[in-house]
Amino acid sequence: MRTATLAALAAVVALAGCAADGPGTAAAPPPAALSGSVDRGAVLVRLRCAGCHAVERSGDSPMTAAPPFRDMGVLYPVADLQEAFAEGLVTAHPAMPAFQFQPQEIADVIAYLEHVSGTGTGH
């Protein structure tokens with residue numbers, strides 16, 4: 001159980017600084033019926049996350065401490081991150097900016113993370 005908790009915490013921290021946007025008002029998590037787009041999610045993570053994380057199915061992260069996104073769905077059920085993405089994540093790691101996504105962006109990023117890790121349906 002401790003290993004699963006640590007893995008979940010590591011996934012949240014790893015994903016915490018993907019975007020360069022600062023904190024703002026919290027958005028609601030996407031409704032369950034909101035379908036994410038892998039293609040739109042790919043654009044978002046390439047723009048906001050690829051400076052530190054490997055966002056493709058291969059390759060090293062530009063910042064060695066930033067885990068590759070292809071590992072995220074294996075370490076943690078990324079769909080569980082919807083609320084955290086909506087409220088805005090802040091991490092203690094100084095290089096990771098705070099960020100917040102809007103409902104459609106959340107669905108898109110989740111779809112992409114599931115796709116690139118091979119753990120989702122890949123809408």
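Me: Contact means heavy atoms within 4.5 Å. By that measure, which residues does serine 61 touch, not counting residues up to four places away in sequence?

Reply: Serine 61 touches Cys52, His53, Ala54, Ala66, Pro67 and Pro68. The model is predicted, so local features need pLDDT of at least 70 and side-chain atom pairs count only at pLDDT 80 or more, while totals for chains, interfaces and linings use all residues. Residues are numbered from 1 along each chain as its sequence is written, and side-chain values use heavy atoms, with hydrogens and water left out.

Me: What makes serine 61 buried or exposed?

Reply: Buried means under 20% relative accessible area, exposed means over 50%, and partly exposed lies in between (1.4 Å probe, protein chains only). Serine 61 has a relative accessible area of 12%, and therefore counts as buried.

Me: Which backbone atom lies 2.9 Å from a polar atom of the side chain of serine 61, and why is such a pair called a polar contact?

Reply: The atom is the backbone nitrogen of alanine 54. A polar contact is a pair of N or O atoms within 3.5 Å; within protein, one must be able to donate a hydrogen and the other to accept it, and residues adjacent in sequence count only if both atoms are side-chain atoms. The value of 2.9 Å falls within that limit.

Me: How many helices and strands does the protein have, and how is each recognised?

Reply: There are five helices and zero strands, and along the sequence the pattern reads α-α-α-α-α. Helices (H or I, at least four residues) and strands (E, at least two) are DSSP runs, numbered from the N terminus.

Me: Why is the pair of arginine 40 and aspartate 108 called a salt bridge?

Reply: A salt bridge is a side-chain nitrogen of Lys or Arg within 4 Å of a carboxyl oxygen of Asp or Glu. The closest N and O atoms of arginine 40 and aspartate 108 are 2.8 Å apart, so the pair qualifies. Arginine 40 lies in helix 2 (residues 38-48) and aspartate 108 in helix 5 (residues 103-117), so the bridge ties together parts that are 68 residues apart in sequence. Arginine 40 is partly exposed at 41%, whereas aspartate 108, at 3% relative accessibility, is buried.

Me: How many salt bridges does a search of the whole structure find?

Reply: The search finds three. Arginine 46 and glutamate 56 form one of them, at 2.8 Å from N to O. This pair joins helix 2 to the loop between helix 2 and helix 3 (72-75), across 10 residues. Arginine 48 and glutamate 105 also meet in a salt bridge, at 3.6 Å. Arginine 48 lies in helix 2 and glutamate 105 in helix 5, so that pair connects parts 57 residues apart in sequence.

Me: How do you know that cysteine 52 is in no disulfide?

Reply: A disulfide is a pair of cysteine sulfur atoms within 2.5 Å, and the search of the whole structure finds zero. For cysteine 52, the nearest cysteine sulfur is that of cysteine 49, 8.7 Å away, so the pair does not meet the limit. Cysteine 49 is buried at 2% relative accessibility, while cysteine 52 is partly exposed at 25%.

Me: What makes a set of residues a nonpolar core, and which members of the largest one touch the most other members?

Reply: A nonpolar core is a set of buried Ala, Val, Leu, Ile, Met, Phe, Trp, Tyr and Cys residues joined through side-chain atoms within 4.5 Å. Of the 22 residues in the largest such core, Val45, Phe69, Phe85, Val109 and Leu113 touch the most other members. Helix 2, helix 4 (82-87) and helix 5 each supply at least two residues of this core. Its largest share, seven residues, comes from helix 5.

Me: Why is helix 5 called mostly covered, and how does its span compare with the expected one?

Reply: Of the 15 residues of helix 5, 11 are buried, among them Ile106, Val109, Leu113 and Val116. The expected span is 1.5 Å times one less than the number of residues. Helix 5 should therefore span 21 Å, and its end C-alpha atoms are 21 Å apart, in agreement.
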